[in-house]
Amino acid sequence: MTRLTGSALRLTVFIGENDTWHHRPLYSEIVHRAHAAGLAGASVFRGVEGFGASSLIHTSRLLSMSEDLPVAVVIVDTEERVRAFLPQLDELVAEGLVTLDACEVIRYAGRPGGPAEAGGKGKKSL
C-alpha cells in the first residue's frame, strides 16, 4: 500500500460526462490510467449543473435538454507522481479544465483486510 501523508498535489480534471476516449467514457480512461501509473487514488464526481469554456449550461433538471453533465476526476498524490502523470492528460483531454492545487494529506488508509493488504490489485478511491 502506498504511504501518503503530508504535502501533496490535488489534480482535478473537469470534463463532460459524455466525453469519450476510443468509445469509452473519458473519466473512466483517466481513472484506469491513474491506477496503472500507481497513483494513490482517483475518484469521479458527477455534477448536477455547470458550465465551462463553451458557456453552455448543463443541468440534471428534468426540463433541460442537456444530458452532458459536468464530471470532476480528482487525483491526490505526491507532487512528483502527479506531475509525471500530466503528459497522459495532455493526450486525453482535448476540451475541459485541468487544475493543480497544493494540499496536505492528513489520513490515507484502506480498509483492513482489503485487496491491498491481501496482495491483490484492488481498486482504490480517495
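## Terms and model

Contact here means heavy atoms within 4.5 Å, and this is the sense in which a helix is said below to lie across strands. The structure described is a predicted model.

## The sheet and the helices that lie across it

Helix H2 lies across strands E1, E7 and E8, and runs at about 20° to E1. Helix H1, for its part, lies across strand E1 (6–16), E4 and E7, with a direction at about 10° to that of E7.

The strands themselves number four and form an open sheet in the order E4-E7-E1-E8, with antiparallel pairing. At its edges are strand E4 (42–46) and strand E8 (97–105), each of which pairs on one side only. Averaged over the sheet, and with direction ignored, neighbouring strands are turned by 25° against each other. Between E4 and strand E7 (residues 70–77), which run antiparallel, there are five bridges; Arg46 stands opposite Val71 in E7.

## How H1 and H2 pack

Two packed helices are described by the angle between their axes and the distance between the axes. For H1 and helix H2 (residues 79–92), the axes come within 11 Å and cross at roughly 160°. Because an angle over 145 degrees counts as roughly antiparallel, H1 and H2 are roughly antiparallel to each other. The crossing of H1 and H2 is right-handed.

On the H1 side the meeting residues are Leu26, Glu29, Ile30, Arg33 and Ala34, while H2 brings Phe85, Gln88, Leu89, Glu91 and Leu92. The residues of this contact of H1 with H2 divide into six nonpolar, one polar and three charged.

## Two residues in the helices: Arg33 and Ala84

Arg33 has its place in helix H1 (residues 26–36), and is one of the H1 residues that meet H2. Its relative accessibility is 17%, and because buried means under 20%, Arg33 counts as buried. If residues up to four places away in sequence are not counted, Arg33 touches Trp21, Phe85, Gln88, Glu91 and Leu92; among these, Phe85, Gln88, Glu91 and Leu92 are also listed on the H2 side of the contact between the two helices.

Ala84 is found in helix H2, where its relative accessibility of 56% lies over the 50% that marks exposed residues, so Ala84 counts as exposed. Ala84 and Ala37 are 47 residues apart in sequence, and their C-alpha atoms are 9.1 Å apart in space.

Notes
Residues are numbered from 1 along each chain as its sequence is written. This is a predicted model: local features need pLDDT of at least 70, side-chain atom pairs count only at pLDDT 80 or more; totals for chains, interfaces and linings use all residues. Side-chain values use heavy atoms; hydrogens and water are left out. Buried means under 20% relative accessible area, exposed over 50%, partly exposed in between (1.4 Å probe, protein chains only). Axes are lines fitted to C-alpha atoms, for helices over the stretch in contact, and angles run from 0 to 180 degrees between N-to-C directions. Angles under 35 degrees count as roughly parallel, over 145 as roughly antiparallel, 65 to 115 as roughly perpendicular and the rest as oblique. A crossing is left-handed if the near helix is turned anticlockwise from the far one by less than a right angle, and right-handed if clockwise. Ala, Val, Leu, Ile, Met, Phe, Trp, Tyr, Cys and Pro count as nonpolar, Asp, Glu, Lys and Arg as charged, and the others, Gly among them, as polar. Two strands pair if DSSP finds at least two bridges between them.
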